[in-house]
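Subject: Structure handover

Hello,

Here is the structure I promised to pass on. Please open it first, then read the notes below.

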Amino acid sequence: MLRPLPGAMAIDDLPTLSQDELLRYGRHLILSEVGVEGQRRLKAARVLLVGAGGLGSPVALYLAAAGVGTLGLVDFDVVDATNLQRQILYGVRDVGRPKLDAASDRIADINPHVVLERFDTQLTSQNALEIVRAFDLVVDGSDNFPTRYLVNDACVLTERPNVYGSIFRFEGQASVFAAPGGPCYRCLFREPPPPGLVPSCAEAGVLGILPGLVGTIQATETVKLILGLGTPLIGRLLLIDTLRLAFRMLKVPRDPECPACGTHELSELIDYEEFCGLRSSSANGGGAATLPEITPREVVAKRARREDFDLIDVREPYEYEIARIPGSRLIPLASLAEAIPSLDRAREIVVFCKMGGRSAHAVKTLQAAGFTRAVNLAGGILRWSDDVDPSVQKY
Ligand SMILES: [Zn+2]
């Protein structure tokens, strides 16, 4: 059974506000659209945040400040220095701490009336339904496609609205999926993009302020849904372009053929890594589109066998300054095409980048230019650091 959103709960079932809370929420209480009743609905609300990163930070901060009674936080990461450019829940003193510990302290400091429920785990097909079911609605602050589809499907199956946001370089998106009568994420994106086509923030970069913009919109939609106020972003996709400072709204119709919310053929959660093509290539040889790959350990073995090969780094010069693999040659992806005449088609070429996305593009470019012995270093320099040489700085 669908638990009614606090906006639909009977007044008698709502928690009351203490003297301290009445004082704290004064600016809400004088809004006639919120008032004491609305503030009690916020206090009754249980909101799950998937991810306490760039998007989760502003969402958690604002929902806590607004008086959402219970926040669930799913994250198993540790704060690192590269997070501080955009993940405003954390400060320098939190580097090295589990994000949930740091977030608990920060949220308690903002509003001690908020109850934080911690899920120090990855959201998976095994645990998602149970976790999601315990909340009224879900805010998707994830940064990858498998989790995005998982969150969507779990929300459709449990009938919880999915307040969606995503960010890429200078552009963001927001919508509300899986709300009654509205479309879901799969109605808009039936299939995930081919693996490697859309680089992650770690690979492509992101303007640090952008998750602030998108997350604040997610927090706004969450509060509106809880209060039953205004017109939510249901059936609409907001596109934000920070460079032009342009906001565009696309209509997203419900797809009657959608396997999740249309035909309901998707009656349980699936293997989302496999669905997004992120597992399989090494396990079963993959399809025709699979790129040849090599692991860092295999590269070391090649060197030990004194095999002849080129090791090409397609990252940017600033990344090369941070960390490099000895014996590699830097050819940033953008200048690969002009460097092709300098490469030997007869030799094996191992290409790497930070995590494997850009180098996959590079391998395709080389293949198209007639190189038959180009291979991608799986996991890039980060995996090199994990598997082969921890002295190579991770970033
Ligand atoms: Zn759908």
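The notes go from the overall picture to the sheets, the cores and a few single residues.

**Overall picture**

Please keep in mind that this is a predicted model. The protein has 395 residues, and 50% of them count as buried. It holds 17 helices and 13 strands.

How does the radius of gyration of the protein stand against that of a compact globule? A compact globule with 395 residues would have a value near 21 Å. The protein has 23 Å, which agrees. Along the principal axes, the C-alpha atoms fill a box of roughly 75 × 50 × 40 Å.

The accessible surface comes to about 18,600 Å². Carbon and sulfur atoms account for 54% of that surface. Contacts often bridge long stretches of sequence: among those between residues at least 6 apart, 68% join residues at least 24 apart.

**The sheet of 8 strands**

Start with the open sheet of 8 strands. Its order is β3-β2-β1-β4-β5-β6-β7-β8, and the pairing is mixed. From one strand to the next, the twist averages 15°. Which strands stand at the edges? They are β3 (115-119) and β8 (246-251). Each has a single partner strand, so one side of each is left without a neighbour in the sheet.

Now look at β4 (residues 137-140). Both of its faces are covered. Leu137 and Val139 are buried on one side. Val138 and Asp140 are buried on the other.

β4 pairs in the parallel sense with β1 (residues 46-50), over 4 bridges. In that pairing, Val50 of β1 stands opposite Asp140. β4 also pairs with β5 in the parallel sense, over 3 bridges. There, Val138 stands opposite Asn162, and Asp140 stands opposite Tyr164.

Helix α10 lies across β1, β4, β5, β6, β7 (236-241) and β8. The helix runs at about 170° to β5.

**The nonpolar cores**

In soluble globular proteins, nonpolar side chains tend to be buried together. Where should you look for this here? The largest nonpolar core has 43 residues. Those with the most contacts inside it are Val47, Leu49, Leu63, Val68, Leu71 and Ile107. Helix α10 (residues 210-227) gives the most to this core, with 8 residues.

Which residues does Leu63 touch, leaving out those up to four places away in sequence? They are Val47, Leu49, Val68, Leu71, Ala219, Thr222 and Val223.

Another core lies apart from the largest one and has 32 residues. Among them are Phe119, Val151, Tyr164 and Cys276. You have met Tyr164 already, as the residue of β5 opposite Asp140.

**The sheet of 5 strands**

There is also an open sheet of 5 strands. The order is β9-β13-β12-β10-β11, with parallel pairing. The edges belong to β9 (293-294) and β11 (329-330). Each of these has a single partner strand, so one side of each lacks a neighbour in the sheet.

β9 runs parallel to β13 (residues 374-377), and 2 bridges join them. Ile294 stands opposite Leu377 in β13. Helix α16 (residues 357-368) lies across β12 (348-352) and β13. The helix runs at about 175° to β13.

**Two residues with positive phi**

Glu159 has a phi near 60°, a positive value in a residue other than glycine. Glu159 lies in the loop between α7 (145-158) and β5 (162-168). With a relative accessible area of 47%, Glu159 is partly exposed.

Ala178 also has a positive phi near 60°, and this residue is not glycine either. Ala178 is placed in the loop between β6 (171-177) and α8 (185-188). Is Ala178 buried or exposed? Its relative accessibility is 13%, so Ala178 counts as buried.

**Where to look**

For a quick tour, begin at β4, whose two faces are covered. Then move to Leu63, which touches Ala219, Thr222 and Val223, among others. Next, find α16 where it lies across β12 and β13. End with the loops that hold Glu159 and Ala178.

Best wishes

Definitions and conventions. Residues are numbered from 1 along each chain as its sequence is written. This is a predicted model: local features need pLDDT of at least 70, side-chain atom pairs count only at pLDDT 80 or more; totals for chains, interfaces and linings use all residues. Side-chain values use heavy atoms; hydrogens and water are left out. Two strands pair if DSSP finds at least two bridges between them. Contact means heavy atoms within 4.5 Å. Axes are lines fitted to C-alpha atoms, for helices over the stretch in contact, and angles run from 0 to 180 degrees between N-to-C directions. The radius of gyration is taken over C-alpha atoms; the globule rule is 2.2 Å times the number of residues to the power 0.38. Buried means under 20% relative accessible area, exposed over 50%, partly exposed in between (1.4 Å probe, protein chains only). Accessible areas come from the Shrake-Rupley method with a 1.4 Å probe; for residues, only the protein chains shown count as cover. A nonpolar core is a set of buried Ala, Val, Leu, Ile, Met, Phe, Trp, Tyr and Cys residues joined through side-chain atoms within 4.5 Å.
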